[in-house]
Amino acid sequence: MNIPQAKKIEKILEKHGDRRSDPYFWMNERENPEVTAYLESENEYADFVMKDTEQLQEELFREMKARYKKDDESIPYFFNGYWYIVRYEKGKEYPIFCRKHLTLESPEEVMLDANELAQGYEYFDLGSAAASPDNRLGAYSTDTVGRRIYTIQIKNLNTGELLADIIENCTGKAVWSADNQYIFYVRKDENLRAYKVFRHKIGTTSQEDAEVYHEKDEAFDVHVYKTKSLEYIFIGSSSTLSDEHLFISANNPLGEWKILQPRADELEYSVEHFADDFYIITNADDAFNFKLVKTPVSTPGIENWTDIVPHREDVLLEGFEIFRNFLVVEERKEGLLQLKVTDTRNAESHYLPFSDPTYTAFISLNLEFDTDKLRYGYTSLTQPTTAYEYDMGARTTTLLKQQEVLGGNFSPENYISERLWAKSRDGETMIPVSLVYHKNTPKSPETPLLMYGYGSYGHTVDAGFSNVRLSLLDRGFIYAIAHIRGGEYLGREWYEEGRMLEKKNTFYDFIDVAKYLISSKYTSPAHLYGMGGSAGGLLVGAVINFEPQLFNGVIAQVPFVDVVTTMLDETIPLTAGEYDEWGNPNDSEYYHYMKSYSPYENVEAKAYPNMLITTGLHDSQVQYWEPAKWTAKLRELKTDNNILIFKTDMSSGHGGASGRFESLKEDALEFAFLLKLEKKNNEQFN
């Protein structure tokens with residue numbers, strides 16, 4: 001089969017006196033039949049190249065699917081008179097939302113069956129579901145395209161009847177007023193920015209809805225939520241580095257919204273409520289790793305904020321949960337999450353004990369104030385996700401549920417996890433690395449190793465369990481997570497050192513970790529593979545321009561690779577809100593810095609690793625044409641005979657295929673790609 005060749009149409013883009021040629025610019029014409037034809041030709045070519053792995057892909061898919069419990073269900077949770085349960089049935093892709101009145105022995109009421117709602121759609125996502133305070137009505141939202149544009153509907157939970165209320169083009173979340181008469185929701189603009197909050201009266205049309213807030217600054221997104229106490233409804237307006245929150249009493253949905261604290265540059269804060277106070281995580285007063293304060297509901301401005309958990313330079317404060325007699329905070333120290341419990345009656349504190357060398361722990365759903373029981377989750381690279389209930393007074397732990405791994409002989413003792421520290425090129429910075437492998441896998445230059453990274457937005461990729469990943473580990477792969485700068489693994493400064501005009505630290509860290517693993521004889525360039533999605537796709541795209549010889553192959557999932565052109569186009573969703581992360585290329589300094597690392601701009605006539613690139617046609621985060629253009633340019637300029645395949649899911653968006661098991665086919669393709677390369681390696685060297 002012939003390798004696809006995209007046509008070229010001359011297009012000159014000029015900014016700051018700099019002229020860029022972009023002959024594949026035309027691919028952004030979503031409705032152009034030639035664009036569709038090109039994407040389909042790439043899909044056909046990818047299928048052709050991977051045809052010899054079809055049986056392996058099917059084997060991997062069945063193997064991964066077999067590890068999941070087909071009739072699984074969540075831990076029951078009691079709230080407002082009902083036990084709530086989410087369950088799956090054998091042979092079905094989507095969840096069923098149920099409840100039982102007062103006791104678990106009561107008859108089950110099916111609130112929503114997503115399998116029924118998904119019928120007839122290639123893609124389906126249930127955004128959110130919320131029962132009214134009187135438990136009579138349920139508001140839920142659906143997306144059937146994959147662009148994260150939801151439609152809200154209202155269901156009578158007693159009769160099963162759908163009300164005539166239909167609210168389109170929104171974020172999907174609905175927040176009920178205490179009187180059951182109204183819901184608040186957020187609409188999106190033409191660029192998919194969440195920008196307006198509306199109040200909808202049940203039983204009326206959406207055309208009659210009242211606009212209660214309009215965020216006019218394009219760098220800010222809006223969300224609406226209710227406090228744990230159920231007493232207040234909040235509108236949060238946030239950019240990358242600034243927040244503003246407004247509130248009303250949930251009992252007064254027609255009331256006037258009050259600002260808690262007006263926005264200010266680089267002032268971040270998030271809010272919860274208890275008794276007469278608001279509790280706030282904030283970076284105010286140069287608390288770069290954040291602190292916890294409280295302030296009176298009656299006078300909530302920053303001048304009245306009082307420290308509860310002070311700022312610490314070596315500890316990042318990530319979250320908290322309030323109970324009547326206890327305060328629980330999520331802290332990150334030296335990269336590892338810890339849960340600290342404080343008895344507010346006597347100020348005594350203690351930490352929950354965790355033993356793995358690298359892991360993640362997190363506060364779970366805790367809706368009750370008047371309890372001594374904390375629900376939390378724990379997972380590591382070798383330990384499946386486990387839910388616990390911890391008695392904070394007695395300091396005893398009860399296991400509620402552990403993720404089951406079926407279909408084989410899985411045992412945590414068969415796998416080894418490590419945390420390493422790789423020295424960066426500056427000779428001082430140490431980069432954390434989490435890795436896992438089967439106990440029978442040797443660490444040697446012949447061992448295949450898949451290295452994952454992200455490194456943007458302060459998002460931390462923690463060391464969690466994946467039963468899908470077992471298919472690689474059991475076939476002799478080592479899996480590594482590079483906790484590079486741009487995330488917050490080592491605190492807020494770790495993030496700051498990997499964004500804006502220091503973004504290249506993110507790429508250099510990934511490269512330095514790769515070189516460390518090679519020099520430590522965990523693997524070698526012939527057996528090293530890189531993977532990243534979205535901004536992580538930018539990561540691997542930039543890295544292979546800098547040092548392509550380091551990797552035998554890379555997988556770039558929905559990659560953000562055309563940084564300059566995208567950040568100059570304010571009609572593309574999310575662009576204006578990204579300036580605080582990448583910089584504004586309308587400023588010459590940022591323009592030239594972005595251009596120096598943007599993967600698309602820096603493709604050259606040289607040898608590249610084997611590559612698998614994926615996207616979704618309806619992606620609202622990274623438009624499909626970015627990886628399409630990148631692929632075309634790589635095909636034009638690369639000088640090697642390595643594999644380059646580009647796969648577009650024509651029915652999904654940024655999150656990939658919907659459904660519980662359908663997405664496993666994407667995992668199977670990626671793993672088959674890696675195993676195909678390893679097989680080729682072995683044939684060459686034997």
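Y457 sits in the loop between β33 (449-452) and α4 (470-473). In this predicted model, Y457 has a positive phi of about 60 degrees, although it is not a glycine. With 33% relative accessibility, Y457 counts as partly exposed, because that value falls between the 20% and 50% cut-offs.

L192 also has a positive phi without being a glycine, in this case near 70 degrees. You'll find L192 in the loop between β12 (182-188) and β13 (194-201). Its relative accessibility is 11%, so L192 is classed as buried. K521 belongs in this part of the story too: it follows α6 and has a positive phi near 60 degrees.

**Two helices**

Now for α6 itself, which runs over residues 504-519. How many of the 16 residues of α6 are buried? The count is 12, so α6 is largely enclosed by the rest of the structure. Among the buried residues of α6 are F507, F510, I511, V513, A514, L517 and I518. Charged and polar names turn up in that buried list as well, including K504, N505, T506, D509 and D512.

Helix α11 (residues 625-637) is mostly covered too, with 11 of its 13 residues buried. Its buried residues include W625, P627, W630 and L634, and E626, K629, K633 and R635 are also on that buried list. As general background, an α-helix has 3.6 residues a turn, so residues three or four places apart point the same way.

Here is how the two helices compare with their expected length.

| Helix | Residues | End-to-end C-alpha distance | Expected span |
|---|---|---|---|
| α6 | 16 residues (504-519) | 22 Å | 22 Å |
| α11 | 13 residues (625-637) | 18 Å | 18 Å |

For α11, the distance between the end C-alpha atoms agrees with what 1.5 Å a residue should give. For α6, the reach from first C-alpha to last is likewise close to expectation.

**Aromatic rings**

The structure holds 31 aromatic pairs. One of them is Y82 with Y84, a tilted pair at 6.3 Å centre to centre, with 50 degrees between the planes. Y82 has 10% relative accessibility, so it counts as buried.

Another pair is F274 with F369. The ring centres of F274 and F369 are 5.1 Å apart and their planes meet at 40 degrees, so this pair is tilted. Which parts of the chain does the pair of F274 and F369 tie together? F274 lies in strand β19 (residues 269-274), while F369 is in the loop between β27 (359-363) and β28 (373-380), so the contact links parts that are 95 residues apart in sequence. Both F274 and F369 are buried.

F369 has a charged partner as well: the charged end of K228 sits over its ring, 4.9 Å from the centre. A similar arrangement shows up with R187, whose charged end sits over the ring of F198 at 5.3 Å from the ring centre. There is also an aromatic cluster made up of Y225, Y232, F234, F247 and F278.

**A cavity and its lining**

How many cavities of 30 Å³ or more does the structure hold? There is 1, and the largest cavity has a volume of about 60 Å³. Its lining is made up of Y454, G455, H459, T460, V461, A482, H483, I484, G487, E488 and Y489. By class, that works out to 5 nonpolar, 5 polar and 1 charged residues. The charged one is E488, because Glu falls in the charged class.

G487, one of the lining residues, is found in the loop between β34 (478-482) and α5 (492-496). Is G487 buried or exposed? At 4% relative accessibility, G487 counts as buried. If you're tracing distances from here, the C-alpha atoms of G487 and N681 are separated by 34 Å, with their positions 194 residues apart along the chain.

**One more spot to look at**

I308 is found in strand β22 (residues 306-309). Its relative accessibility is 34%, so I308 counts as partly exposed. The C-alpha atoms of I308 and Y279 are separated by 8.8 Å, and these residues are 29 residues apart along the chain.

Methods: Residues numbered from 1 in each chain as written. Predicted model: local features only at pLDDT ≥ 70, side-chain atom pairs only at ≥ 80, totals over all residues. Heavy atoms only, no water. Phe/Tyr/Trp six-rings, centres within 6.5 Å; stacked < 30°, edge-to-face > 60°. Buried < 20%, exposed > 50% of the residue type's maximum accessible area, 1.4 Å probe, protein only. Helix = DSSP H or I, 4+ residues; strand = E, 2+ residues; numbered from the N terminus. Lys NZ or Arg CZ within 6 Å of the ring centre and 35° of its normal. 1 Å grid on protein atoms, 1.4 Å probe; cavity = no way out; pocket = protein on both sides within 12 Å on 5 of 7 lines; lining within 4 Å. Points joined across faces, edges and corners; volume = space filled by probe spheres on them. Expected span 1.5 Å × (residues − 1).
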